Amino acid sequence: MCVALPGLAISSEHGQLTGHGLEGFYREGRRLLSRCRLLVAGREPVAMQARLTSADRARFVGTVRVSSSAGPDPDVVVERTRHADGTERITLCNWGPRCLRLPVELALGTDLADLGAIAAGAAGPELPATVHDSGLRWSGPAGASSITADPAPADSLASAGVLRWELTLSPGGSTSLDLRVRSDGAGPVRAVGHTMTSPFSTAGATGDAAGVDALLRTSVEDLRALLLRDRTHQGDLYLAAGAPWRCGLAPAEALAAARMTLPLGTRLAASTLRILARAQIPAAAPRSGMIPGPRRDAGPHLPPGCTATEATLLFPVLLAEARRWGLPDAETEELLPTAERCLTWLRDTVGSGPYLRDPDPGGPVRCETQAHAHRAALLGADLLDVCGRPGGAGLRQWAEGLRSAFRRDFWTDDPGGGRPAAARTADGRCVPHLGSAAAHLLDTGLLGGGSHAPGLLDERQTDQLARLLGAPAMDCGWGLRGLGAKEAGYNPFGHRAGAVRVHETAVAVAGLAVAGHERTAASLLRGVLAAAETFGHRLPEMYAGEQRTEGGAPLPHPAACRPAATAAAAAVLLLTTLAGIRPDAPAGTVALRPLRGAPLGEIGLTGLRVAGAPFSVRVSRLGLAMVEEAAEGLQLGV
């Protein structure tokens with residue numbers, strides 16, 4: 001899958017576009033070309049290799065035997081380089097001893113179907129073609145697309161959808177055909193990540209562990225490939241949730257991804273916050289102050305959750321932490337009123353009670369929602385205080401009450417030491433099932449001076465949760481299962497019922513490291529890095545939670561986005577957790593809390609950004625961290 005939004009190119013491993021499944025060139029979710037089948041001398045090339053060379057480009061190599069010699073060697077090597085921007089170059093090279101005259105044919109077609117219709121099996125038939133310029137054109141109710149070739153074909157057959165060439169190749173000679181697919185009335189695809197200065201720094205990783213540099217480099221490439229512009233404010237960018245299924249704005253995931261990429265700079269965070277500030281429900285409307293978002297499935301034991309609640313609680317958290325990483329004061333002040341309205345919505349919604357309930361009447365009180373709300377209250381209070389705004393004391397008081405109630409009401413005792421409930425029903429019953437959502441209890445948020453906010457659990461409960469997350473029922477060897485293997489309804493492929501979700505695994509790793517449970521954090525970290533290697537360092541949003549075995553590999557999930565914004569951003573969080581970077585740019589300090597066991601050996605991270613300047617750090621094999629590059633005047637905190 002080649003991605004450079006709004007363009008996509010989805011191919012099978014042999015490089016031919018057959019019109020089956022999702023194959024084709026896409027722009028803004030519409031398939032412009034579904035079939036592009038190459039024949040050389042009447043034969044399909046034998047596929048030899050297929051690989052991504054970057055986030056937006058794939059290379060396919062095949063061979064063709066055209067001579068009558070008895071030897072095993074092919075005569076012609078065919079290389080196809082396919083781009084997400086709708087272009088492809090086909091190069092044919094003659095490695096035989098004789099001059100070759102080769103008929104070359106491309107069979108082309110499209111249905112101009114929407115991606116959603118294709119996924120549902122309702123793509124519709126191919127459309128008739130007409131000869132157009134140096135290629136073909138198709139039109140239908142959904143629009144029109146065309147393909148042009150350079151050099152122009154010797155013959156164009158619209159009724160068959162075929163372009164033909166007669167090529168002459170001398171021994172050792174080569175020639176190329178350049179194809180361009182476009183939507184009528186639209187210019188070339190201009191991928192956002194390639195048409196403006198990237199919001200991400202050019203980060204790199206070195207060290208003892210193989211693959212860390214490839215993982216970081218690939219993840220940043222994928223993040224750039226998923227960038228989109230706001231339609232009404234072209235200067236503001238956000239991350240699409242993932243390709244191919246979710247090439248649009250998902251507010252909660254866009255905020256979560258921007259938060260995890262703060263070590264690469266604060267520009268994406270600022271842009272995402274501005275876009276969502278404009279979407280906030282105004283004062284006169286019901287649920288004033290919320291940031292709208294869709295429902296999201298929550299697995300077999302709970303009804304779908306409200307991502308609008310999650311996004312509204314993430315907004316002040318991202319703003320507060322972006323300020324710590326170096327977001328300029330002027331941008332913080334611009335966004336502060338929206339954060340205040342998010343926090344006002346929180347206080348108004350909880351009323352006099354301790355819990356933030358689901359918005360639907362009779363809905364459950366979810367464990368992770370309380371974690372999000374508690375973090376938003378504490379970081380929001382800190383933000384209001386430093387900006388000279390009222391309301392911080394009330395938020396802290398409510399958070400204190402929530403902590404006391406949560407530790408009493410949500411902890412279920414059992415012979416194994418107890419566990420946090422996934423939720424409480426409207427009648428007060430606990431939903432006891434353990435899943436990866438519990439990891440959000442460890443994500444307490446960054447305050448000033450390199451300290452983290454207190455969590456909802458006390459020390460004993462935190463230790464027990466760490467033991468549970470590190471046990472084989474939750475840690476499958478490739479990461480954290482979405483639902484424990486011993487729980488009712490467990491399914492290793494269940495997207496909220498047992499599959500490994502990379503984002504929540506990264507949240508667990510970072511939270512466990514902060515809480516001092518480094519061995520468990522290191523085990524989960526190594527599992528995800530091993531999985532990343534099997535996926536060519538392009539992590540999907542999820543994969544099957546089957547137990548890792550010797551010589552095994554994680555099974556892909558058929559519905560997973562790959563690339564996915566939260567998975568690519570999670571790779572940044574995982575690697576920077578090794579160094580434990582805790583900045584406080586307004587105070588001019590940065591604290592380092594590396595994993596003392598150095599689970600990956602020595603590692604160096606370069607090209608990060610703290611306080612608006614390049615930042616590089618190295619962690620030795622002894623677990624000691626040293627700053628190698630930083631903003632002038634930035635002091636090392638305690």
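**Strands, rings and cysteines: a short tour**

Let's start with strands: E8 and strand E9, residues 76-83, run antiparallel and are joined by 8 bridges. Within that pairing, Thr-63 stands opposite Val-77 in E9. Before I go on, please keep in mind that this is a predicted model.

So who else does E8 pair with? On another side of the story we have strand E7, residues 46-54, which pairs with E8 in the antiparallel sense over 7 bridges. E7 and E8 make a hairpin, with 2 residues between them. If you want to find that hairpin on the screen, look for Ser-54, whose bridge partner in E8 is Arg-57. And is E8 mostly covered or mostly open? Mostly covered: the strand spans residues 57-64, and 6 of its 8 residues are buried.

Now let's move along the chain to another sheet. Here 4 strands form an open sheet, with antiparallel pairing, in the order E18-E32-E33-E34. Which strands stand at the edges? They are E18, residues 204-207, and E34, residues 625-629; each has a single partner strand, so one side of each is left without a neighbour in the sheet. From one strand to the next, the twist averages 25°. There is also a helix to point out: H3, residues 212-225, packs on this sheet and touches both E18 and strand E32, residues 603-610. The direction of H3 makes about 170° with that of E18.

Staying with this sheet, have a look at strand E33, residues 613-619. E33 and E34 run antiparallel and are joined by 4 bridges. One residue to click on is Arg-618, which has Met-626 in E34 as its bridge partner.

Next, the aromatics. How many aromatic pairs does a search of the whole structure find? The answer is 3. One of the pairs is Tyr-355 with Phe-410, and the arrangement is edge-to-face, at 5.5 Å centre to centre and 65° between the planes. These two come from distant parts of the chain, 55 residues apart. Tyr-355 sits in the loop between helix H7 (329-350) and strand E23 (365-366), while Phe-410 is in the loop between helix H9 (392-409) and strand E24 (411-412). Both Tyr-355 and Phe-410 are buried.

Phe-410 has another ring partner, Phe-406. Why do we call that pair stacked? Because the ring centres of Phe-406 and Phe-410 are 4.4 Å apart and their planes are at 10°. Phe-406 is buried, as is Phe-410. Put together, ring pairs link Tyr-355, Phe-406 and Phe-410 into a cluster.

While we are on rings, here is one with a charge over it: Arg-548 lies over the face of Trp-478, at 4.4 Å from the ring centre.

Last topic, and I suspect some of you were waiting for it: the cysteines. A disulfide is a covalent bond between the sulfur atoms of two cysteines. With a cut-off of 2.5 Å between the sulfur atoms, the count in this model comes to 0 disulfides. Why does Cys-36 have no such bond? The closest cysteine sulfur, in Cys-2, is 13 Å from the sulfur of Cys-36, and that is too far for a bond. Cys-36 is buried, with a relative accessible area of 1%. Cys-387 is a similar case to go through: its sulfur is 14 Å from the closest cysteine sulfur, in Cys-342, again too far for a bond. Cys-387 is buried too, with a relative accessible area of 17%.

That's my tour, thanks for listening!

Methods. Residues are numbered from 1 along each chain as its sequence is written. This is a predicted model: local features need pLDDT of at least 70, side-chain atom pairs count only at pLDDT 80 or more; totals for chains, interfaces and linings use all residues. Side-chain values use heavy atoms; hydrogens and water are left out. Buried means under 20% relative accessible area, exposed over 50%, partly exposed in between (1.4 Å probe, protein chains only). Two strands pair if DSSP finds at least two bridges between them. Axes are lines fitted to C-alpha atoms, for helices over the stretch in contact, and angles run from 0 to 180 degrees between N-to-C directions. Contact means heavy atoms within 4.5 Å. Rings of Phe, Tyr and Trp (its six-membered ring) pair if their centres lie within 6.5 Å; planes under 30 degrees apart count as stacked, over 60 as edge-to-face and the rest as tilted. A charge sits over a ring if NZ of Lys or CZ of Arg is within 6 Å of the ring centre and within 35 degrees of the ring normal.
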